[in-house]
Amino acid sequence: MTQTNRRFLLVKRPVGAVTREDFKFETLPAEQPGEGQVMVRNLYLSLDPAMRGWMNEGKSYIPPVALGQVMRALGVGEVVASNHPDFKPGDHVNGALGVQDYFTGEPQNLQKIDPSLAPLPRYLSALGMTGMTAYFALLEVGQPKAGDTVVISGAAGAVGSIAGQIAKIKGCRVVGIAGGAEKCQYLKDELGFDGVIDYKAEDVQAGLKRECPKGVDVYFDNVGGEILDAVLTRINFKARIVICGAISQYNNKEAVKGPANYLALLVNRARMEGFVVMDHAKDYGKAAKEMAGWLANGQVKSKEDVVDGLETFPDTLLKLFNGQNFGKLVLKV
Ligand SMILES: NC(=O)c1ccc[n+]([C@@H]2O[C@H](COP(=O)([O-])OP(=O)(O)OC[C@H]3O[C@@H](n4cnc5c(N)ncnc54)[C@H](OP(=O)(O)O)[C@@H]3O)[C@@H](O)[C@H]2O)c1
């Protein structure tokens, strides 16, 4: 039986927020695997703010998605056919599967996962790239010490919520910045954050003054822009600022807004450092094991926001940029 493959090709470089017109949605027979290849039925796809960056031309940490190519996406799926000795039908895998029903190709970048150990979407959240980002960005770049005040923006999101919980495990005072009362309540009541700032309802400077009476030792930045500028005014001597992301700037039609208050780094002999999760790929196994332990003993909670339907991809992706996602945004294929 020939399977049908629905897929989204990137056909235009978006200007500002993505639109349906930036993609071509097509349906065609799925490609059968050649020598050394596998065919994977995609089950869940990870929707990430980084996807917006991958659509832009220009130099970045990985090449852009070429026009006419299937939109890049991480995902989990099940092998349905294999001409590779290391994979057999029924194996579950995690990797760059693309926004489509079936991935057909070489499996060298696919990792086997065990669906009996965790629900599949969790391999895209706490146990996947998102969790690895929180883990390594906080611990390696942020270097939190017990008693430090750690501020996290995008705190109720996939990366931010895990980073905050790890900071709590390390004995820090954790303050989350998020949009809306429901998300802020969740951070305090469910995840045990010490303080929250609802940037949509209050002045961030005033919130930082209230929640960080001893200043900020680590700032885990997911959003950039004005919030980064506000936190810079509150940093302590030798503070560490983790540049994990800058989602407030990804849909800019003009140049990215840089931090006006960067001289706070000079005054405080502080450090701001960029982070890319792929640099830590060789250590994912060790980190995932520790994360699995925290999930099992309840020290880390993982929340997935699963939306049904491959065909909804462009609209669902927008949820990341208007704050409509609550937890790791995952598309059920
Ligand atoms: N460097 C790396 O290797 C790496 C890897 C993975 C992710 N990241 C970065 O980590 C960040 C979070 O990613 P995620 O996957 O965890 O997404 P997420 O936080 O689950 O979702 C994005 C959230 O960003 C917030 N947001 C959107 N526009 C905003 C704006 N203009 N100002 C302030 N907040 C805004 C929204 O939350 P509110 O409702 O609170 O506004 C939204 O829910 C992104 O910047 C991403 O690029 C980096």
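This passage describes a six-stranded sheet and the helices around it in a predicted model.

Residues are numbered from 1 along each chain as its sequence is written. In this predicted model, local features need pLDDT of at least 70 and side-chain atom pairs count only at pLDDT 80 or more, while totals for chains, interfaces and linings use all residues; side-chain values use heavy atoms, with hydrogens and water left out.

A UniProt annotation from an unreviewed entry, "domain: Enoyl reductase (ER)", covers residues 19-331; such annotations may be inferred rather than shown by experiment. Over residues 19-331 the chain is 27% helix and 26% strand, and the end C-alpha atoms lie 17 Å apart. Helices (H or I, at least four residues) and strands (E, at least two) are DSSP runs, numbered from the N terminus.

Six strands form an open sheet in the order 10-9-8-11-12-13, with parallel pairing; two strands pair if DSSP finds at least two bridges between them. Strand 10 (195-198) and strand 13 (271-274) each have a single partner strand, so one side of each is left without a neighbour in the sheet. On average, neighbouring strands are turned by 15° against each other, direction ignored. Axes here are lines fitted to C-alpha atoms, for helices over the stretch in contact, and angles run from 0 to 180 degrees between N-to-C directions.

Let us turn to the pairing of strand 11. Strand 8 (residues 149-153) and strand 11 (residues 216-221) pair in the parallel sense over three bridges. Val 150 stands opposite Val 218, and Ile 152 has Phe 220 as its bridge partner. Helix 3 (residues 158-169) packs on the sheet, touching strand 8, strand 9 (173-178) and strand 11, and its direction makes about 170° with that of strand 8; contact means heavy atoms within 4.5 Å. Helix 4 (residues 181-189) also packs on the sheet, where it touches strand 9 and strand 10.

Strand 11 is mostly covered, with six of its six residues buried (under 20% relative accessible area, 1.4 Å probe, protein chains only). Five bridges join strand 11 to strand 12 (residues 235-243), and the two run parallel. Here Val 216 stands opposite Ile 235. The chain crosses from strand 11 through helix 6 to strand 12 in a right-handed β-α-β crossover, that is, clockwise from the first strand over the helix to the second with the strands pointing away from the viewer.

Helix 5 (residues 204-211) has Val 204, Gly 207, Leu 208 and Glu 211 buried. These residues cover an arc of only 100° around the axis, which puts them on the same side of helix 5; the arc is that of the directions from the helix axis to the C-beta atoms. The buried residues of helix 5 pack against strand 8, strand 9, strand 10 and helix 6 (225-232).

Definitions and conventions. Buried means under 20% relative accessible area, exposed over 50%, partly exposed in between (1.4 Å probe, protein chains only).
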